[in-house]
Amino acid sequence: MRKALVTGVTGQDGSYLVELLLSKGYEVHGLIRRASTFNTARIDHLFQDLHEKDVALFLHHGDLADASGMAELISSVKPDEIYNLAAQSHVRVSYETPVYTSDITGLGFTRLLEAVAKSGLQPRVYQASSSEMFGASPPPQNESTPFMPQSPYAAAKVYAYHMARQYREGHGLYVSNGILFNHESPRRGETFVTRKVTMAIARIKAGLQNELFLGNLDSRRDWGYAPEYVTAMWKILQQDQPGDYVIGTGSSVSVKDFIEESFSYAGLDPAEYIRTDERYFRPLEVPSLLADASKSINQLGWTAETDHAHLAQIMVDADMDLLGVENPGVGKEWAYRNGEPFYTWPGKV
Ligand code: NAP
Ligand code: GDD
(Lines give C-alpha, C1' and ligand atoms only; values in the text may rest on other atoms or scores of the structure.)
(Ligands and ions follow the chains in the order given, each with its own letter.)
Protein backbone atom coordinates (compact mmCIF):
# COMPACT_ATOMS: atom_id res chain seq x y z
CA MET A 1 0.00 0.00 0.00
CA ARG A 2 1.54 3.34 -1.05
CA LYS A 3 1.54 6.14 1.52
CA ALA A 4 0.81 9.78 0.74
CA LEU A 5 1.18 12.82 2.99
CA VAL A 6 -1.07 15.74 2.06
CA THR A 7 -0.74 19.23 3.53
CA GLY A 8 -3.78 21.49 3.10
CA VAL A 9 -6.00 18.43 3.40
CA THR A 10 -8.95 20.47 4.70
CA GLY A 11 -8.93 22.79 1.66
CA GLN A 12 -10.84 22.51 -1.61
CA ASP A 13 -8.09 20.61 -3.45
CA GLY A 14 -7.02 18.60 -0.42
CA SER A 15 -10.50 17.13 -0.06
CA TYR A 16 -10.69 16.02 -3.70
CA LEU A 17 -7.14 14.70 -3.66
CA VAL A 18 -7.80 12.56 -0.57
CA GLU A 19 -10.86 11.07 -2.29
CA LEU A 20 -8.74 10.25 -5.34
CA LEU A 21 -5.87 8.73 -3.36
CA LEU A 22 -8.18 6.62 -1.18
CA SER A 23 -9.95 5.36 -4.30
CA LYS A 24 -6.54 4.30 -5.64
CA GLY A 25 -5.77 2.32 -2.48
CA TYR A 26 -3.32 4.71 -0.82
CA GLU A 27 -2.86 5.08 2.91
CA VAL A 28 -3.34 8.84 3.29
CA HIS A 29 -1.91 11.06 6.02
CA GLY A 30 -3.24 14.60 6.22
CA LEU A 31 -1.79 17.61 8.03
CA ILE A 32 -4.48 19.68 9.74
CA ARG A 33 -4.29 22.87 11.79
CA ARG A 34 -5.75 22.92 15.23
CA ALA A 35 -8.65 25.39 15.26
CA SER A 36 -11.14 26.37 17.94
CA THR A 37 -13.93 25.57 15.49
CA PHE A 38 -14.07 22.50 13.26
CA ASN A 39 -12.24 23.01 9.97
CA THR A 40 -12.81 19.52 8.55
CA ALA A 41 -16.20 20.00 6.82
CA ARG A 42 -14.74 19.18 3.39
CA ILE A 43 -13.35 15.82 4.55
CA ASP A 44 -15.86 14.74 7.21
CA HIS A 45 -17.42 12.27 4.74
CA LEU A 46 -14.03 10.53 4.50
CA PHE A 47 -13.45 10.30 8.24
CA GLN A 48 -12.74 6.83 9.59
CA ASP A 49 -12.83 5.89 13.26
CA LEU A 50 -9.30 4.79 14.13
CA HIS A 51 -10.76 1.88 16.09
CA GLU A 52 -12.20 0.38 12.91
CA LYS A 53 -10.34 -2.15 10.77
CA ASP A 54 -8.56 -1.16 7.53
CA VAL A 55 -8.36 2.55 8.32
CA ALA A 56 -6.69 4.38 5.42
CA LEU A 57 -7.00 8.06 6.39
CA PHE A 58 -4.98 9.48 9.28
CA LEU A 59 -5.03 13.14 10.35
CA HIS A 60 -2.12 14.78 12.16
CA HIS A 61 -2.09 18.20 13.79
CA GLY A 62 0.64 20.47 12.50
CA ASP A 63 1.44 23.70 10.70
CA LEU A 64 3.78 24.73 7.88
CA ALA A 65 5.21 27.24 10.37
CA ASP A 66 6.51 24.38 12.55
CA ALA A 67 9.71 22.96 11.04
CA SER A 68 10.36 20.39 13.77
CA GLY A 69 6.79 19.10 13.65
CA MET A 70 7.06 18.57 9.89
CA ALA A 71 10.38 16.76 10.25
CA GLU A 72 8.92 14.48 12.91
CA LEU A 73 5.83 13.77 10.81
CA ILE A 74 7.79 12.91 7.67
CA SER A 75 10.17 10.66 9.59
CA SER A 76 7.37 8.78 11.31
CA VAL A 77 4.98 8.44 8.34
CA LYS A 78 7.71 7.70 5.75
CA PRO A 79 5.48 8.73 2.81
CA ASP A 80 6.11 7.64 -0.77
CA GLU A 81 4.48 10.83 -2.06
CA ILE A 82 4.02 14.28 -0.49
CA TYR A 83 1.53 16.80 -1.85
CA ASN A 84 2.14 20.31 -0.48
CA LEU A 85 -1.22 22.03 -0.89
CA ALA A 86 -1.20 24.11 2.30
CA ALA A 87 -1.01 27.87 1.81
CA GLN A 88 -2.49 31.22 2.68
CA SER A 89 -4.12 31.00 -0.74
CA HIS A 90 -6.14 34.22 -1.01
CA VAL A 91 -4.48 36.81 -3.26
CA ARG A 92 -6.22 39.91 -1.90
CA VAL A 93 -5.67 38.82 1.71
CA SER A 94 -1.95 38.52 0.90
CA TYR A 95 -1.72 42.32 0.46
CA GLU A 96 -3.00 42.67 4.04
CA THR A 97 -0.76 39.88 5.41
CA PRO A 98 2.40 39.94 3.27
CA VAL A 99 4.76 38.69 5.99
CA TYR A 100 2.50 35.83 7.09
CA THR A 101 1.79 34.86 3.48
CA SER A 102 5.51 34.80 2.66
CA ASP A 103 6.16 32.68 5.74
CA ILE A 104 3.52 30.01 5.07
CA THR A 105 3.05 30.04 1.30
CA GLY A 106 6.77 30.51 0.56
CA LEU A 107 9.04 29.54 3.44
CA GLY A 108 6.66 26.81 4.62
CA PHE A 109 7.61 24.76 1.57
CA THR A 110 11.33 25.17 2.29
CA ARG A 111 10.71 23.84 5.80
CA LEU A 112 9.06 20.82 4.22
CA LEU A 113 11.88 20.32 1.70
CA GLU A 114 14.51 20.56 4.44
CA ALA A 115 12.61 17.99 6.49
CA VAL A 116 12.59 15.66 3.47
CA ALA A 117 16.28 16.24 2.69
CA LYS A 118 17.34 15.60 6.32
CA SER A 119 15.12 12.52 6.65
CA GLY A 120 17.22 10.43 4.28
CA LEU A 121 13.95 9.33 2.64
CA GLN A 122 13.24 9.68 -1.08
CA PRO A 123 9.54 10.59 -1.37
CA ARG A 124 8.22 12.21 -4.50
CA VAL A 125 7.16 15.80 -3.67
CA TYR A 126 4.47 17.86 -5.38
CA GLN A 127 4.38 21.65 -4.93
CA ALA A 128 1.12 23.52 -5.58
CA SER A 129 2.48 26.27 -7.79
CA SER A 130 0.12 28.76 -9.35
CA SER A 131 -0.69 30.58 -12.59
CA GLU A 132 -0.74 33.68 -10.38
CA MET A 133 3.09 33.53 -10.67
CA PHE A 134 2.79 34.65 -14.32
CA GLY A 135 1.13 37.85 -13.11
CA ALA A 136 1.59 40.58 -15.69
CA SER A 137 3.06 38.28 -18.38
CA PRO A 138 0.71 38.33 -21.37
CA PRO A 139 -1.30 35.20 -22.28
CA PRO A 140 -1.11 32.42 -23.22
CA GLN A 141 1.23 31.19 -20.46
CA ASN A 142 3.23 27.96 -20.46
CA GLU A 143 6.22 26.46 -18.63
CA SER A 144 8.62 28.89 -20.41
CA THR A 145 6.68 32.10 -19.73
CA PRO A 146 8.54 34.54 -17.43
CA PHE A 147 7.09 35.06 -13.95
CA MET A 148 5.96 38.64 -13.20
CA PRO A 149 4.25 38.27 -9.80
CA GLN A 150 1.78 41.00 -8.84
CA SER A 151 1.03 40.10 -5.20
CA PRO A 152 2.78 38.89 -2.04
CA TYR A 153 1.00 35.57 -2.61
CA ALA A 154 2.43 35.24 -6.12
CA ALA A 155 5.92 36.29 -4.99
CA ALA A 156 5.81 33.63 -2.25
CA LYS A 157 4.74 31.00 -4.80
CA VAL A 158 7.58 32.03 -7.16
CA TYR A 159 10.04 31.63 -4.28
CA ALA A 160 8.66 28.16 -3.48
CA TYR A 161 8.76 27.23 -7.19
CA HIS A 162 12.48 28.03 -7.32
CA MET A 163 13.16 26.13 -4.08
CA ALA A 164 11.51 23.09 -5.69
CA ARG A 165 13.81 23.44 -8.68
CA GLN A 166 16.90 23.87 -6.46
CA TYR A 167 16.21 20.81 -4.31
CA ARG A 168 15.54 18.85 -7.49
CA GLU A 169 18.71 19.92 -9.30
CA GLY A 170 21.03 20.51 -6.32
CA HIS A 171 19.97 17.81 -3.85
CA GLY A 172 18.69 15.22 -6.30
CA LEU A 173 15.22 15.10 -4.73
CA TYR A 174 12.18 14.19 -6.80
CA VAL A 175 10.26 17.51 -6.63
CA SER A 176 7.69 18.66 -9.23
CA ASN A 177 5.73 21.87 -9.66
CA GLY A 178 2.14 21.75 -10.86
CA ILE A 179 1.45 25.27 -12.17
CA LEU A 180 -2.31 25.19 -11.90
CA PHE A 181 -4.64 27.79 -13.33
CA ASN A 182 -7.79 28.72 -11.36
CA HIS A 183 -9.97 25.75 -10.51
CA GLU A 184 -13.27 25.91 -8.69
CA SER A 185 -16.06 23.69 -7.40
CA PRO A 186 -18.96 23.64 -4.94
CA ARG A 187 -16.24 23.25 -2.27
CA ARG A 188 -14.48 26.48 -3.29
CA GLY A 189 -13.80 28.93 -0.45
CA GLU A 190 -16.67 31.39 -0.14
CA THR A 191 -14.59 34.55 -0.74
CA PHE A 192 -13.19 33.54 -4.13
CA VAL A 193 -15.08 35.29 -6.89
CA THR A 194 -16.80 32.31 -8.56
CA ARG A 195 -18.23 30.95 -5.31
CA LYS A 196 -19.13 34.44 -4.12
CA VAL A 197 -21.19 34.81 -7.32
CA THR A 198 -22.89 31.40 -7.21
CA MET A 199 -23.72 31.69 -3.51
CA ALA A 200 -25.19 35.14 -4.14
CA ILE A 201 -27.38 33.72 -6.92
CA ALA A 202 -28.77 31.06 -4.60
CA ARG A 203 -29.37 33.63 -1.87
CA ILE A 204 -31.10 35.99 -4.33
CA LYS A 205 -33.34 33.13 -5.47
CA ALA A 206 -34.11 32.31 -1.83
CA GLY A 207 -34.99 35.93 -1.10
CA LEU A 208 -32.05 36.37 1.30
CA GLN A 209 -30.00 38.92 -0.67
CA ASN A 210 -30.65 41.57 -3.32
CA GLU A 211 -27.19 43.05 -3.99
CA LEU A 212 -23.75 41.61 -4.73
CA PHE A 213 -20.69 43.80 -4.14
CA LEU A 214 -17.63 42.98 -6.26
CA GLY A 215 -14.37 44.55 -7.46
CA ASN A 216 -12.67 44.37 -10.86
CA LEU A 217 -14.87 42.58 -13.41
CA ASP A 218 -12.48 42.92 -16.36
CA SER A 219 -9.78 40.43 -15.40
CA ARG A 220 -9.79 37.17 -17.32
CA ARG A 221 -9.21 33.74 -15.83
CA ASP A 222 -8.84 30.21 -17.18
CA TRP A 223 -11.35 28.52 -14.86
CA GLY A 224 -11.54 24.72 -14.61
CA TYR A 225 -13.19 22.14 -12.36
CA ALA A 226 -11.14 21.19 -9.27
CA PRO A 227 -11.75 17.38 -9.18
CA GLU A 228 -10.10 17.10 -12.60
CA TYR A 229 -7.08 19.09 -11.40
CA VAL A 230 -6.22 16.75 -8.52
CA THR A 231 -5.96 13.95 -11.08
CA ALA A 232 -3.30 16.05 -12.80
CA MET A 233 -1.43 16.41 -9.48
CA TRP A 234 -1.37 12.64 -9.08
CA LYS A 235 -0.28 12.08 -12.68
CA ILE A 236 2.59 14.55 -12.23
CA LEU A 237 4.02 12.42 -9.41
CA GLN A 238 3.70 9.22 -11.47
CA GLN A 239 6.20 10.45 -14.11
CA ASP A 240 9.62 8.76 -14.15
CA GLN A 241 11.39 12.12 -13.90
CA PRO A 242 10.34 15.19 -11.89
CA GLY A 243 9.38 18.35 -13.81
CA ASP A 244 7.12 21.39 -14.05
CA TYR A 245 3.67 21.24 -15.66
CA VAL A 246 1.07 23.87 -16.58
CA ILE A 247 -2.49 22.69 -15.94
CA GLY A 248 -5.50 24.59 -17.32
CA THR A 249 -8.38 24.44 -19.79
CA GLY A 250 -6.90 26.62 -22.57
CA SER A 251 -9.93 28.89 -22.56
CA SER A 252 -10.49 32.07 -20.56
CA VAL A 253 -13.36 34.43 -19.80
CA SER A 254 -13.68 37.66 -17.83
CA VAL A 255 -15.20 37.85 -14.36
CA LYS A 256 -18.08 39.72 -16.03
CA ASP A 257 -18.60 36.82 -18.47
CA PHE A 258 -18.64 34.29 -15.61
CA ILE A 259 -21.23 36.41 -13.81
CA GLU A 260 -23.40 36.59 -16.93
CA GLU A 261 -23.18 32.84 -17.54
CA SER A 262 -24.10 32.06 -13.93
CA PHE A 263 -26.92 34.59 -13.60
CA SER A 264 -28.51 33.75 -16.94
CA TYR A 265 -28.44 30.02 -16.07
CA ALA A 266 -30.47 30.92 -12.98
CA GLY A 267 -32.82 33.15 -15.01
CA LEU A 268 -31.56 36.37 -13.39
CA ASP A 269 -30.32 39.67 -14.88
CA PRO A 270 -26.98 40.57 -13.24
CA ALA A 271 -27.47 44.29 -13.94
CA GLU A 272 -30.19 44.32 -11.28
CA TYR A 273 -27.88 43.02 -8.54
CA ILE A 274 -24.16 43.72 -9.20
CA ARG A 275 -22.64 46.69 -7.33
CA THR A 276 -19.04 47.87 -7.07
CA ASP A 277 -17.14 48.16 -3.81
CA GLU A 278 -13.62 49.63 -3.79
CA ARG A 279 -12.51 47.26 -1.06
CA TYR A 280 -12.56 44.31 -3.46
CA PHE A 281 -10.09 45.92 -5.89
CA ARG A 282 -6.42 45.02 -5.50
CA PRO A 283 -3.34 47.30 -5.46
CA LEU A 284 -2.09 45.36 -8.50
CA GLU A 285 -4.14 43.10 -10.73
CA VAL A 286 -3.37 40.06 -12.88
CA PRO A 287 -5.20 41.05 -16.06
CA SER A 288 -5.32 37.87 -18.08
CA LEU A 289 -4.52 34.20 -17.45
CA LEU A 290 -4.84 31.61 -20.19
CA ALA A 291 -3.13 28.22 -20.03
CA ASP A 292 -1.10 26.70 -22.81
CA ALA A 293 -1.16 23.20 -21.33
CA SER A 294 0.31 21.42 -24.39
CA LYS A 295 3.11 19.81 -22.36
CA SER A 296 0.64 18.28 -19.88
CA ILE A 297 -1.69 17.13 -22.64
CA ASN A 298 1.20 15.42 -24.46
CA GLN A 299 3.24 14.07 -21.53
CA LEU A 300 0.62 13.43 -18.82
CA GLY A 301 -2.27 12.61 -21.12
CA TRP A 302 -4.33 15.04 -19.05
CA THR A 303 -6.99 17.35 -20.47
CA ALA A 304 -9.66 19.46 -18.81
CA GLU A 305 -13.18 18.20 -19.51
CA THR A 306 -15.40 20.80 -17.83
CA ASP A 307 -15.48 24.30 -19.34
CA HIS A 308 -16.35 27.53 -17.52
CA ALA A 309 -20.00 27.49 -18.63
CA HIS A 310 -20.58 23.97 -17.28
CA LEU A 311 -18.59 24.83 -14.15
CA ALA A 312 -20.89 27.80 -13.52
CA GLN A 313 -23.91 25.48 -13.79
CA ILE A 314 -22.42 22.93 -11.39
CA MET A 315 -21.69 25.63 -8.81
CA VAL A 316 -25.03 27.43 -9.16
CA ASP A 317 -26.92 24.16 -8.80
CA ALA A 318 -24.93 23.09 -5.77
CA ASP A 319 -25.46 26.39 -3.98
CA MET A 320 -29.17 26.34 -4.80
CA ASP A 321 -29.36 22.79 -3.45
CA LEU A 322 -27.76 23.96 -0.23
CA LEU A 323 -30.52 26.51 0.28
CA GLY A 324 -33.26 24.21 -0.94
CA VAL A 325 -34.00 26.36 -4.00
CA GLU A 326 -35.49 24.57 -7.00
CA ASN A 327 -32.97 24.32 -9.83
CA PRO A 328 -32.29 22.51 -13.09
CA GLY A 329 -30.07 19.98 -11.30
CA VAL A 330 -27.11 19.38 -13.61
CA GLY A 331 -24.66 20.04 -10.83
CA LYS A 332 -24.83 16.91 -8.73
CA GLU A 333 -21.35 16.32 -7.43
CA TRP A 334 -20.19 12.78 -6.79
CA ALA A 335 -17.40 11.64 -4.57
CA TYR A 336 -15.92 8.24 -3.89
CA ARG A 337 -15.91 6.38 -0.58
CA ASN A 338 -14.66 2.80 -0.36
CA GLY A 339 -14.56 2.83 -4.16
CA GLU A 340 -18.30 3.60 -4.41
CA PRO A 341 -19.60 6.88 -5.82
CA PHE A 342 -21.98 8.82 -3.60
CA TYR A 343 -23.61 12.24 -3.76
CA THR A 344 -21.77 14.72 -1.55
CA TRP A 345 -23.62 17.99 -1.79
CA PRO A 346 -25.56 19.45 -0.05
CA GLY A 347 -24.91 18.75 3.59
CA LYS A 348 -21.50 17.66 4.71
CA VAL A 349 -19.31 18.09 1.66
P1 NAP B 1 -7.66 26.42 0.15
O2 NAP B 1 -9.03 25.87 -0.07
O3 NAP B 1 -7.49 27.81 0.60
O4 NAP B 1 -6.91 25.43 1.16
C5 NAP B 1 -5.71 25.81 1.77
C6 NAP B 1 -5.32 24.74 2.77
O7 NAP B 1 -4.10 25.14 3.43
C8 NAP B 1 -6.35 24.53 3.90
O9 NAP B 1 -6.39 23.17 4.22
C10 NAP B 1 -5.74 25.31 5.04
O11 NAP B 1 -6.14 24.86 6.32
C12 NAP B 1 -4.27 25.00 4.84
N13 NAP B 1 -3.37 25.91 5.53
C14 NAP B 1 -3.38 27.25 5.51
N15 NAP B 1 -2.38 27.74 6.28
C16 NAP B 1 -1.75 26.67 6.79
C17 NAP B 1 -0.66 26.51 7.68
N18 NAP B 1 -0.03 27.57 8.21
N19 NAP B 1 -0.24 25.27 8.01
C20 NAP B 1 -0.89 24.18 7.52
N21 NAP B 1 -1.95 24.26 6.70
C22 NAP B 1 -2.37 25.49 6.34
O23 NAP B 1 -6.79 26.28 -1.20
P24 NAP B 1 -7.06 25.36 -2.48
O25 NAP B 1 -7.89 26.13 -3.45
O26 NAP B 1 -7.46 24.02 -2.07
O27 NAP B 1 -5.59 25.34 -3.12
C28 NAP B 1 -4.65 24.34 -2.73
C29 NAP B 1 -3.23 24.83 -3.05
O30 NAP B 1 -3.13 25.09 -4.45
C31 NAP B 1 -2.84 26.13 -2.36
O32 NAP B 1 -1.45 26.08 -2.09
C33 NAP B 1 -3.12 27.20 -3.42
O34 NAP B 1 -2.30 28.32 -3.19
C35 NAP B 1 -2.74 26.44 -4.67
N36 NAP B 1 -3.43 26.83 -5.90
C37 NAP B 1 -4.78 26.90 -5.94
C38 NAP B 1 -5.42 27.21 -7.12
C39 NAP B 1 -6.92 27.29 -7.21
O40 NAP B 1 -7.42 27.87 -8.19
N41 NAP B 1 -7.66 26.70 -6.28
C42 NAP B 1 -4.65 27.47 -8.29
C43 NAP B 1 -3.27 27.36 -8.21
C44 NAP B 1 -2.66 27.02 -7.03
P45 NAP B 1 -7.50 25.43 7.03
O46 NAP B 1 -8.63 24.63 6.42
O47 NAP B 1 -7.26 25.15 8.45
O48 NAP B 1 -7.59 26.89 6.69
N1 GDD C 1 -12.09 37.25 -4.52
C2 GDD C 1 -12.69 38.21 -5.21
N3 GDD C 1 -13.74 38.86 -4.64
N4 GDD C 1 -12.25 38.51 -6.46
C5 GDD C 1 -12.89 39.48 -7.14
C6 GDD C 1 -13.98 40.18 -6.61
C7 GDD C 1 -14.42 39.87 -5.29
O8 GDD C 1 -15.36 40.45 -4.76
N9 GDD C 1 -14.42 41.06 -7.55
C10 GDD C 1 -13.62 40.92 -8.62
N11 GDD C 1 -12.69 39.96 -8.38
C12 GDD C 1 -11.63 39.55 -9.31
C13 GDD C 1 -10.22 39.60 -8.72
O14 GDD C 1 -9.73 40.94 -8.69
C15 GDD C 1 -9.47 38.69 -9.69
O16 GDD C 1 -9.09 39.42 -10.83
C17 GDD C 1 -10.54 37.66 -10.09
O18 GDD C 1 -11.81 38.20 -9.66
C19 GDD C 1 -10.33 36.28 -9.45
O20 GDD C 1 -10.18 36.44 -8.05
P21 GDD C 1 -10.17 35.18 -7.05
O22 GDD C 1 -11.38 34.36 -7.27
O23 GDD C 1 -9.92 35.72 -5.68
O24 GDD C 1 -8.95 34.30 -7.58
P25 GDD C 1 -7.46 34.71 -7.96
O26 GDD C 1 -7.33 34.55 -9.45
O27 GDD C 1 -7.05 36.00 -7.38
O28 GDD C 1 -6.60 33.57 -7.22
C29 GDD C 1 -7.01 32.21 -7.29
O30 GDD C 1 -6.40 31.57 -8.38
C31 GDD C 1 -4.97 31.48 -8.32
C32 GDD C 1 -4.50 30.77 -9.60
O33 GDD C 1 -4.41 31.67 -10.65
C34 GDD C 1 -6.62 31.55 -5.94
O35 GDD C 1 -7.17 30.26 -5.88
C36 GDD C 1 -5.11 31.42 -5.80
O37 GDD C 1 -4.80 30.64 -4.63
C38 GDD C 1 -4.59 30.69 -7.07
O39 GDD C 1 -3.19 30.55 -7.00
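Which side chain has an N or O atom 2.8 Å from an oxygen atom of ligand 2? This tour of a predicted model begins at that point and then moves through the protein.

**Stop 1: ligand 2**

Select ligand 2 together with K196. The side chain of K196 supplies the N or O atom in question, 2.8 Å from an oxygen atom of the ligand. Next, add S130, where a polar side-chain atom lies 2.5 Å from an oxygen atom of ligand 2. Then add R282, which places a polar side-chain atom 2.6 Å from an oxygen atom of this ligand. Taken alone, ligand 2 would expose 720 Å², and the protein buries 96% of that area.

Now display the whole shell of ligand 2. It holds 23 residues, and those that come nearest are S130, S131, Y153, S219 and R282. Sorted by class, this shell contains 8 nonpolar, 9 polar and 6 charged residues.

**Stop 2: ligand 1**

Keep Y153 selected, since this residue is listed among the nearest to ligand 2 and also among the closest to ligand 1. The other closest residues of ligand 1 are T10, R33, D63 and S89, and 26 residues surround this ligand in total. By class, the shell around ligand 1 is made of 11 nonpolar, 10 polar and 5 charged residues.

Select R188 next: one of its polar side-chain atoms lies 3.2 Å from a nitrogen atom of ligand 1. Two backbone contacts deserve a separate view. A polar backbone atom of G8 is 3.3 Å from an oxygen atom of ligand 1, and a polar backbone atom of H183 is 2.9 Å from an oxygen atom of this ligand. On its own, ligand 1 has 900 Å² of accessible area, of which the protein covers 89%.

Colour the secondary structure now. Two or more residues of the shell around ligand 1 come from each of α1 (12-23), α4 (98-119), β5 (124-130) and α5 (152-171). The largest contribution is that of β5, with 3 residues.

**Stop 3: H183**

Is H183 buried or exposed? Select H183, which lies in strand β7 (residues 183-184). Its relative accessibility is 9%, and therefore H183 counts as buried. A polar atom of its side chain lies 2.8 Å from the backbone oxygen of F181. The backbone of H183, as seen at the previous stop, has a polar atom 2.9 Å from an oxygen atom of ligand 1.

**Stop 4: unusual backbone angles**

Most residues other than glycine have a negative phi, and most peptide bonds are trans. The next selections depart from these patterns.

Select D54 in the loop between β2 (27-32) and β3 (57-61). The phi of D54 is near 55°, a positive value in a residue other than glycine. D54 counts as exposed because its relative accessibility is 72%.

Move to K78, in the loop between α2 (67-77) and β4 (81-84). K78 is not a glycine, yet its phi is positive, at about 55°. With a relative accessibility of 48%, K78 counts as partly exposed.

Finally, select P139 and P140. The peptide bond that joins them is cis, with an omega of about -5°. P140 is found in the loop between β5 and α5.

**Stop 5: R220 and S251**

Select R220, in strand β9 (residues 220-221). R220 counts as partly exposed, at 32% relative accessibility. Add S251 and draw a line between the two C-alpha atoms: they are 9.8 Å apart in space, whereas the residues are 31 apart in sequence.

**Stop 6: helix α10**

Select residues 308-323, the 16 residues of helix α10. From first C-alpha to last, α10 reaches 23 Å, close to the 22 Å expected at 1.5 Å a residue. An α-helix has 3.6 residues a turn, so residues three or four places apart point the same way. The buried residues of α10 include H308, L311, A312, M315 and D319. Just after α10, select G324, which takes a positive phi of about 70°.

**Stop 7: confidence**

To finish, colour the model by pLDDT. The average for the protein is 93, and 93% of the residues score at least 70. Which elements have the lowest and the highest mean pLDDT? Strand β15 (residues 340-343) has the lowest mean, 53, and β5 has the highest, 99.

Note on methods: Residues numbered from 1 in each chain as written. Chains lettered and ligands numbered in written order. Predicted model: local features only at pLDDT ≥ 70, side-chain atom pairs only at ≥ 80, totals over all residues. Heavy atoms only, no water. Near = heavy atom within 4 Å. Polar contact = N/O pair within 3.5 Å; in protein donor to acceptor, adjacent residues only side chain to side chain. Areas by Shrake-Rupley, 256 points an atom, 1.4 Å probe, with all protein chains shown as cover. Helix = DSSP H or I, 4+ residues; strand = E, 2+ residues; numbered from the N terminus. Nonpolar A, V, L, I, M, F, W, Y, C, P; charged D, E, K, R; others polar. Expected span 1.5 Å × (residues − 1). Buried < 20%, exposed > 50% of the residue type's maximum accessible area, 1.4 Å probe, protein only. pLDDT = per-residue confidence, 0-100.
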